[in-house]
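Here are my notes on the two-chain structure, set out as numbered points for you to follow with the coordinates open. They begin with a single residue and work outwards to the interface.

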Amino acid sequence: MGLISSYLVPILLFATAAWALGKKEDPYDLLLQGGREGLQLLWTLVPTLVMMLIAVSMLRVSGVTAWLGELLSPVFRVFGIPKETALLVLIRPISGSAALSVGTELMATYGVDSTVGRTVAVMLGSTETTFYTVSVYFGAAGISKTRFTLPAALFADFVGFLTASITARLFFT
Amino acid sequence: MVISWVWTGMVAISLFYGLLTGQGGNLSGGISRGAQEGITLAISLAGSLCLWSGVGKVMEKIGLTALLGRLLKPVLYKVFPSCKTDSILQGYLSGNICANFLGLGNAATPMGIAAAKRLASHRKDSVASNELCRLIVLNTASIQCIPATVAAVRSSLGAASPFDILPAVWVSSLCSAGLGLLCAKVLGKIWD
């Protein structure tokens, strides 16, 4: 597994570029085009990241983050989810940039290669901004009766948080 | 609008809790540090985002999405039986799932919305069908081959090997999507 994850990226870079050349495409030009789009997206994201990190930083220095962790720790302990991730678990389904801000703070505070840091990373990588996704899709499709979608989607998030806590411990000891 | 409430709520809770516990004096320092961290985070993401958006463009152009779609067909037919009779829907759905898998968020969402509209048009009322609910559950459980953003943050914070979380992310998102779909299947039978 370790071998796969360390060679996946370089192999992917080589394979896609070589494949594109074989198809008479211009991979370098495509990389530049895509890269420009990516940076444009980031540019629109910068103010969000700044504002969210301000709010997240306020929650931490005022002690709310720690208090929330203590408050929820009995529930979290039952499921084996680290209590330090309480704020992330609460905010992940609501806002993607807030979750990224909270997650970055947690990884910096507890160490990026610590169990908490890895749990945070796996949580961020394996869940989505549920409320946002649900509202965008149903809004576009003109659906007013959403039935069981939200409970099922939140259950999926919960499973993601749970397995993130388990895999971050199991795969790295 | 929801985000405005969330943000204002976060600020309000911090302020009142800080006042109550007497730790509020640190708040202004925390605010300036947070603002600075926002820029630092954006800069540390820039390189990776640039690279992966570029790679995404190449993958799109060489038809990797279409190829993945063919491999995925059996699973697709199981979760979304309407695909068997509606080939346009099948195209949207497989495009949505494959683009998500390859981390092409910009391509995945329009495709997913097109699929949702198509599924909604299969019935007259504005009630979500079981398949539409499953589509959305699948989209809220991110199945991603390379979680590039998280890896970028990890590498900016000095992780020894930023991508070593990949297997854990794969297992975790498969469990989340699988059990989410199972939950949707069970609820679909009893919910009217």
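1. A good place to start, bearing in mind that this is a predicted model, is B:Ser172, which sits in helix H8 of chain B, a helix covering residues 166-190. Is this serine buried or exposed? With a relative accessibility of 0%, B:Ser172 counts as buried, because the cut-off for that class is under 20%. Apart from residues up to four places away in sequence, B:Ser172 touches A:Val122, A:Ser126, A:Gly160, A:Thr163, A:Ala164 and A:Thr167.

2. The chain that carries this serine can be described as a whole. Chain B has eight helices and zero strands, and its pattern read along the sequence is α-α-α-α-α-α-α-α. Its radius of gyration is 21 Å, whereas the globule rule gives 16 Å for 192 residues, so chain B is more spread out than a compact globule. Taken along the principal axes, the C-alpha atoms of chain B fill a box of roughly 65 × 40 × 25 Å.

3. Two further values describe the packing of chain B. Of its 192 residues, 48% count as buried. Among the contacts in chain B with a separation of 6 or more, 58% are accounted for by residues 24 or more positions apart.

4. Turning to the interface, how many residues of each chain take part in the contact between chain A and chain B? The model places 87 residues of chain A in contact with 92 residues of chain B. The area buried between the two chains is about 8000 Å², and carbon and sulfur atoms give 78% of this area. Within the area that chain A buries against chain B, A:Tyr137, A:Arg147 and A:Phe148 supply 10%, which is more than any other three residues.

5. The polar side of this interface can also be counted. Across the interface of chain A and chain B there are 22 residue pairs in polar contact, both residues of each pair being at pLDDT 80 or more. The elements of chain A that give two or more residues to the side touching chain B are helices H1 (2-22), H2 (27-61), H3 (64-79), H5 (96-110), H6 (115-126), H7 (130-141) and H8 (149-170). Of these, H2(A) gives the most, with 24 residues. Sorted by class, the side of chain A that touches chain B has 53 nonpolar, 23 polar and eleven charged residues.

6. The salt bridges deserve a point of their own. Over all chains the count comes to nine, and three salt bridges are found across the interface of chain A and chain B. One that crosses between the chains pairs A:Glu37 with B:Lys57, their closest N and O atoms being 3.0 Å apart. A:Glu37 belongs to helix H2 of chain A, and B:Lys57 to helix H2 (residues 27-61) of chain B. The glutamate counts as partly exposed, its relative accessibility being 38%.

7. A:Asp113 should be examined with its partners. Within chain A, A:Asp113 forms a salt bridge with A:Arg118, where the closest N and O atoms are 3.4 Å apart. A:Asp113 is partly exposed, at a relative accessible area of 30%, whereas A:Arg118 is buried, at 11%. A:Asp113 also forms a salt bridge with B:Arg154, and here the closest N and O atoms are 3.3 Å apart. Because A:Asp113 lies in the loop between H5 and H6 of chain A and B:Arg154 lies in helix H7 (residues 148-156) of chain B, this pair joins two chains. B:Arg154 counts as buried, at 0% relative accessibility. Through shared partners, salt bridges join A:Asp113, A:Arg118, B:Arg154 and B:Asp164 into one network.

8. The last residue to check is A:Val134, which is placed in helix H7 of chain A. This valine is buried, with a relative accessible area of 9%. Which residues is A:Val134 in contact with, once its neighbours within four places in sequence are left aside? They are A:Leu150, B:Ile136 and B:Thr140. By C-alpha atoms, A:Val134 and A:Asp29 are separated by 36 Å, and they are 105 residues apart along the chain.

Conventions: Residues are numbered from 1 along each chain as its sequence is written. Chains are lettered from A and ligands numbered from 1 in the order in which they are written. This is a predicted model: local features need pLDDT of at least 70, side-chain atom pairs count only at pLDDT 80 or more; totals for chains, interfaces and linings use all residues. Side-chain values use heavy atoms; hydrogens and water are left out. Contact means heavy atoms within 4.5 Å. Buried area is the accessible area (1.4 Å probe) that two parts lose on being put together, summed over both. A salt bridge is a side-chain nitrogen of Lys or Arg within 4 Å of a carboxyl oxygen of Asp or Glu. A polar contact is a pair of N or O atoms within 3.5 Å; within protein, one must be able to donate a hydrogen and the other to accept it, and residues adjacent in sequence count only if both atoms are side-chain atoms. Helices (H or I, at least four residues) and strands (E, at least two) are DSSP runs, numbered from the N terminus. Ala, Val, Leu, Ile, Met, Phe, Trp, Tyr, Cys and Pro count as nonpolar, Asp, Glu, Lys and Arg as charged, and the others, Gly among them, as polar. The radius of gyration is taken over C-alpha atoms; the globule rule is 2.2 Å times the number of residues to the power 0.38. Buried means under 20% relative accessible area, exposed over 50%, partly exposed in between (1.4 Å probe, protein chains only).
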